[in-house]
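Please open the model in a viewer and display the backbone as a cartoon. The tour below proceeds selection by selection.

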Amino acid sequence: MCVDKTDLQYLKEAVPCPFCGGVNLTTTWWAGDDGEFTAIACMSCKAEAPAAVWNNRADTELFDFVKTFKDNLSELPAFLKQG
Ligand SMILES: [Zn+2]
């Protein structure tokens, strides 16, 4: 698992939770057979995923849409600007 980013960098790049749309995210640690690694956790619905894959979406069209909005923060509704 790639660990070249800091927790803060992961959080800064993280798109909203794929399950509840929540933007109140934090980092946590997962321990697996291949060692420990950073995971992103949603504070709203408790969903977690390894930080390296948190931004992955099976629906790439929707993902591009979300990413575009994140890159244009001035166009975001106020509730999405938090976090
Ligand atoms: Zn969530």
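Begin with the whole protein: buried residues make up 11% of its 83 residues, a residue being buried if 20 or more other C-beta atoms, placed from the backbone, lie within 10 Å of its own. This is a predicted model, in which local features need pLDDT of at least 70, side-chain atom pairs count only at pLDDT 80 or more, and totals for chains, interfaces and linings use all residues. Residues are numbered from 1 along each chain as its sequence is written.

Next, colour by secondary structure. The protein has 3 helices and 3 strands, where helices (H or I, at least four residues) and strands (E, at least two) are DSSP runs numbered from the N terminus. Along the sequence they follow the pattern α-β-β-β-α-α.

Now select the strands. They form an open antiparallel sheet in the order β1-β2-β3; two strands pair if DSSP finds at least two bridges between them. At the edges lie β1 (25–32) and β3 (48–50), each pairing on one side only. The twist averages 35° from one strand to the next, with axes fitted as lines to C-alpha atoms and angles running from 0 to 180 degrees between N-to-C directions.

Keep β2 (residues 35–42) and β3 in view: their antiparallel pairing runs over 3 bridges. To find one bridge, select A41, whose partner in β3 is E48.

Finally, move to helix α2 (residues 60–71). How many of its 12 residues are buried? The count is 0, and the helix is hardly covered. Its end C-alpha atoms are 16 Å apart, in agreement with the 16 Å span expected at 1.5 Å a residue, taken as 1.5 Å times one less than the number of residues.
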